[in-house]
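I opened this one to see how the chain is put together and what a few of its residues are up to. My jottings follow, in the order I looked things up.

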Amino acid sequence: MTTYKGAAVLLITDGRQFDTDADLTKDSSGSWRGTLTFHDQALMPVLLNVDDGHVLVDGQPGEFIRPDRSDWTINSGSPFIIRILGSGDAPF
């Protein structure tokens, strides 16, 4: 599979877990990247400072970094979206 779009779980270093929608792609070299979308704007203060973590897709973990914490997008009433860059095997 070279793409995944669907439900996932974000695991951050302090052990907290957050439900998210993932839109992930993998290239021919196995490198992967994508976006995580959060619909609960109350999570924004926590998620703004996430530098790395794991994303679970159907129970499979994928480690990632967030290369730019200023890349997030949000509008009033809209979801909070961050970009991630895989740093290991893809979880899909």
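These entries go from the whole fold down to single residues.

**Entry 1: overall build**

I noted for myself that this is a predicted model. I then listed the secondary structure and got one helix and six strands. Reading from the N terminus, I wrote the order down as β-β-β-α-β-β-β.

Next I checked the dimensions. The C-alpha trace spans about 35 × 25 × 25 Å along its principal axes. The radius of gyration is 12 Å, and since a compact globule of 92 residues would come out near 12 Å, the protein agrees with that expectation.

I also looked at cover and surface. Of the 92 residues, 34% count as buried. The exposed surface is about 5,200 Å², with carbon and sulfur atoms supplying 48% of it. For contacts with a separation of 6 or more, I found that 47% join residues 24 or more positions apart.

**Entry 2: the barrel**

How do the six strands run in the barrel? I traced a closed barrel in the order β1-β2-β3-β6-β5-β4, with antiparallel pairing. Neighbouring strands of this sheet are turned against each other by 45° on average, ignoring direction. A reminder to myself: strands of a sheet pair through backbone hydrogen bonds, in parallel or antiparallel fashion.

**Entry 3: β3 and its two partners**

I picked strand β3, residues 32-38, for a closer look, and found five of its seven residues buried. On one pairing, β3 is joined by six bridges to strand β2 (residues 17-26), and the two run antiparallel. In that pairing I saw D21 standing opposite T37 of β3.

The hairpin of β2 and β3 has five residues between the strands, and there G30 takes a positive phi near 95°.

The other pairing I looked up is with strand β6 (residues 80-86), again antiparallel and again with six bridges to β3. Going through bridge partners in β6, I matched L36 with I82 and F38 with F80.

**Entry 4: T37 and T20**

Is T37 buried or exposed? T37, which sits in strand β3, has a relative accessible area of 14%, so I put it down as buried, the cut-off being under 20%.

Leaving out neighbours within four places in sequence, I listed the contacts of T37 as T20, D21, P79, F80 and I81. For a distance across the model, I took T37 and A90, which are 53 residues apart along the chain; their C-alpha atoms are separated by 18 Å.

T20 was the obvious follow-up. T20 belongs to strand β2 and counts as buried at 4% relative accessibility. What does the side chain of T20 reach at 2.8 Å? I found the backbone oxygen of T37 there. Setting aside residues up to four places away in sequence, T20 touches G6, A7, A8, V9, L10, L36, T37 and F38.

**Entry 5: R66, an arginine under cover**

I turned to R66, in the loop between β5 and β6. Buried or exposed, I asked of R66? R66 counts as buried because its relative accessibility is 4%, with the cut-off at under 20%.

I then looked for a polar partner. A polar atom of the R66 side chain lies 3.2 Å from the backbone oxygen of V50. With neighbours within four places in sequence left aside, the contacts of R66 are L47, L48, N49, V50, D51, D71, W72, I82 and R83. I underlined I82 in that list, as I had already met I82 as the β6 bridge partner of L36.

**Entry 6: D58, an odd phi**

Where is D58 placed? I located D58 in the loop between β4 (52-57) and β5 (60-65). D58 has a positive phi of about 50°, although it is not a glycine. For cover, I got 71% relative accessibility, so D58 counts as exposed, the cut-off being over 50%.

I set the two loop residues side by side in my notes: R66 is buried, whereas D58 is exposed.

Methods
Residues are numbered from 1 along each chain as its sequence is written. This is a predicted model: local features need pLDDT of at least 70, side-chain atom pairs count only at pLDDT 80 or more; totals for chains, interfaces and linings use all residues. Side-chain values use heavy atoms; hydrogens and water are left out. Helices (H or I, at least four residues) and strands (E, at least two) are DSSP runs, numbered from the N terminus. Buried means under 20% relative accessible area, exposed over 50%, partly exposed in between (1.4 Å probe, protein chains only). Two strands pair if DSSP finds at least two bridges between them. A polar contact is a pair of N or O atoms within 3.5 Å; within protein, one must be able to donate a hydrogen and the other to accept it, and residues adjacent in sequence count only if both atoms are side-chain atoms. Contact means heavy atoms within 4.5 Å. The radius of gyration is taken over C-alpha atoms; the globule rule is 2.2 Å times the number of residues to the power 0.38. Accessible areas come from the Shrake-Rupley method with a 1.4 Å probe; for residues, only the protein chains shown count as cover. Axes are lines fitted to C-alpha atoms, for helices over the stretch in contact, and angles run from 0 to 180 degrees between N-to-C directions.
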